[in-house]
Amino acid sequence: MVPLIVTLAVVVVALSLTAALLIARGRARRGTLSSGDQPTPRPAESPPTPPGAAPRPTESAPEPPIATPRPLATQEGQAEPPRLRDRLGAARKMFAAYATSVLARGSISSETWAELEEALIRADVGLKTARKLLADLRDQVTSGAVTTPADLMAALETLMGDTLRRVSGDSSLAFEPDTTNVWLFVGVNGVGKTTTIGKIAAREMASGRHVVVAAGDTFRAAAIDQLELWAKRAGAGFVRGLPGGDPSAVIFDAVQHAGARGSNLVLADTAGRLHTKANLMEELKKVRRVAERPPGKVTEVLLVVDATTGQNGLAQAREFTSAIGVTGVVLTKLDGTAKGGIVVAIQEELGIPVKLVGLGEGQADLVEFDPEAFVTAMLH
Ligand SMILES: Nc1nc2c(ncn2[C@@H]2O[C@H](COP(=O)(O)OP(=O)(O)OP(=O)(O)O)[C@@H](O)[C@H]2O)c(=O)[nH]1
Ligand SMILES: [Mg+2]
């Protein structure tokens with residue numbers, strides 16, 4: 001491991017990353033139901049279904065066949081999931097530049113500590129977590145366990161891996177076989193909730209689960225259409241409401257729809273909302289309560305966080321968790337950013353596991369979070 005870092009660093013120096021280092025230093029409402037695989041938007045005159053009311057009979061609509069699982073992402077031409085290492089190039093380059101400088105110095109000096117702190121902050125690990133990691137490393141130097149810059153880089157890698165493993169464990173999403181599982185997707189605007197649902201719908205359909213996608217974002221008509229496209233592409237069922245309708249009514253209808261057809265998984269989209277807006281957070285609590293009505297059971301509340309938003313992701317995670325109890329984080333847009341360190345901060349400071357990572361806009365660009373692979377991809 002250490003020789004690998006050293007080798008990488010020397011090669012990188014010989015090419016161009018010293019220059020990179022220098023540069024781096026320089027700077028309310030109601031919903032209706034429509035169904036499935038041939039989505040037929042319910043006409044506007046259709047009566048609304050209040051949450052808690054008897055489910056709207058589904059026999060008025062043609063029974064959609066349970067869709068046949070399809071291979072992932074044929075449209076994007078990607079049959080295979082993306083390689084984490086390829087997509088984390090920006091973070092790796094950034095770290096490599098610092099590693100080069102640390103290793104080139106020959107001994108551990110005050111500049112070494114300054115550089116490591118800068119690298120961690122730039123990676124968005126956050127000041128608190130960065131200082132904790134560095135304090136641990138200093139202890140290792142004081143005790144004599146770490147004596148050289150190469151040891152130090154290896155110790156940092158081990159420490160980051162340990163920090164991530166402590167919380168992460170199993171990154172699989174909770175699924176109970178004999179119920180209508182509801183996975184609720186929440187987060188601030190534009191973080192990738194709808195896209196993530198599209199990706200997960202494809203993944204779950206491919207694994208043989210019968211998925212219904214619920215357009216709980218009734219805020220924008222375009223958002224409903226966007227989700228419908230994803231659902232169609234995945235071959236999943238789809239339940240929509242009227243633009244401006246009550247999101248909890250849509251989720252309720254979707255759960256009833258799924259239950260009536262023996263679908264065991266509802267992926268519920270919600271409108272992006274600021275975690276600081278109390279009324280919108282209240283709306284989310286209602287969505288959650290309604291989703292729990294039989295046969296529904298909320299088995300995951302997934303907070304979608306945009307990796308590029310940095311430390312604000314931490315505040316978002318804190319607020320959404322206190323409002324509706326987040327069970328896991330999906331970290332999106334890790335491709336093309338050097339800021340993947342928010343993973344460490346969310347896990348270390350809030351103890352919420354990062355379960356999935358978004359690595360692009362395509363259907364297959366979603367991987368389970370694997371601490372080992374993540375640290376390796378960032379540092380090698
Ligand atoms: N590069 C990259 N782009 C992503 C990823 N996930 C989502 N996006 C893009 O981010 C933009 C917003 O994605 P949406 O899925 O619409 O986000 P949202 O959270 O549903 O947005 P609102 O519903 O408006 O709150 C789109 O252009 C997506 O293609 C990712 O992992 N990587
Ligand atoms: Mg959306």
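So, what covers the buried residues of H10? Let me start there, and then we'll walk around the rest of the chain.

One caution first: this is a predicted model. The protein chain averages a pLDDT of 79, and 78% of the residues score at least 70. Over residues 1-79, though, the pLDDT is below 50, and beyond near neighbours in sequence that stretch has 144 contacts in the model. Overall we have 14 helices and eight strands, and buried residues make up 50% of the 380 residues in the chain.

Okay, H10. That's residues 247-261, 15 residues, and from first C-alpha to last it reaches 21 Å, close to the 21 Å expected at 1.5 Å a residue. Of those 15 residues, 12 are buried, so we can call the helix mostly covered. The buried ones run from Pro-247 and Ser-248 at the start, and include Phe-252, Asp-253, Gln-256 and His-257. Back to the opening question: the cover includes five strands and a helix, namely S1 (180-186), S2 (211-214), S3 (237-239), S4 (265-268) and S5 (296-306), plus helix H11 (278-291). After H10 comes Gly-262, with a positive phi near 75°.

Keep Gly-262 in mind for a second, and look across to Asp-178. In sequence the two are 84 residues apart, and in space their C-alphas are 9.9 Å apart. Asp-178 sits in the loop between helix H7 (149-168) and S1. Is Asp-178 buried or exposed? Exposed, because there are just 8 other C-beta atoms within 10 Å, and the cut-off for exposed is 12 or fewer.

Now to the strands, starting with S2. Val-211 and Val-213 point one way from S2, Val-212 and Ala-214 point the other way, and all of them are buried. S2 runs parallel to S4, with four bridges joining them; in that pairing, Val-211 stands opposite Leu-265 of S4. S2 also pairs with S3, again in the parallel sense, over three bridges. There, Ala-214 has Val-239 of S3 as its bridge partner.

Further along the chain there's another parallel pair: S6 (residues 328-332) and S7, over three bridges. Leu-331 stands opposite Val-357 in S7. And how many of the residues of S7, residues 354-358, are buried? Five of its five, so that strand is mostly covered.

Helix H13, residues 342-350, comes next on my list. Seven of its nine residues are buried, so the helix is largely enclosed by the rest of the structure. Those seven are Ile-342, Val-343, Val-344, Ala-345, Ile-346, Gln-347 and Glu-348. Just after H13, Gly-351 takes a positive phi of about 70°.

On to some backbone oddities. Most residues other than glycine have a negative phi, and most peptide bonds are trans. We have some exceptions here. Asp-124 has a positive phi of about 70° although it is not a glycine. You'll find Asp-124 in the loop between helix H5 (110-122) and helix H6 (127-142). Asp-124 counts as buried because 25 other C-beta atoms lie within 10 Å.

Lys-333 is another one: not a glycine, yet its phi is positive, about 60°. Lys-333 is in the loop between S6 and H13. With 23 C-beta neighbours inside 10 Å, Lys-333 counts as buried too, since the cut-off for that is 20 or more.

And then the peptide bond: Pro-294 and Pro-295 are joined in cis, with omega about 5°. Pro-295 belongs to the loop between H11 and S5, and H11 and S5, remember, are both among the elements covering H10.

Last stop, ligand 1. Which residues come nearest to ligand 1? Out of 20 around it, the answer is Gly-192, Thr-194, Thr-195, Gly-272 and Gly-358. By class, that shell splits into four nonpolar, 10 polar and six charged residues. The largest share of the shell, three residues, comes from helix H8, residues 193-206.

So, if you open the model yourselves, I'd go to H10 and its cover of strands and H11, then the buried Asp-124 and Lys-333, and then the residues around ligand 1. And do keep in mind that residues 1-79 have a pLDDT below 50. That's me done, thanks.

Technical notes:
Residues are numbered from 1 along each chain as its sequence is written. Chains are lettered from A and ligands numbered from 1 in the order in which they are written. This is a predicted model: local features need pLDDT of at least 70, side-chain atom pairs count only at pLDDT 80 or more; totals for chains, interfaces and linings use all residues. A residue is near a molecule or strand if its C-beta atom, placed from the backbone, lies within 6 Å of it. Helices (H or I, at least four residues) and strands (E, at least two) are DSSP runs, numbered from the N terminus. Ala, Val, Leu, Ile, Met, Phe, Trp, Tyr, Cys and Pro count as nonpolar, Asp, Glu, Lys and Arg as charged, and the others, Gly among them, as polar. The expected span of a helix is 1.5 Å times one less than its number of residues. Two residues are in contact if their C-beta atoms, placed from the backbone, lie within 7 Å. pLDDT is the predictor's confidence in each residue, from 0 to 100. Two strands pair if DSSP finds at least two bridges between them.
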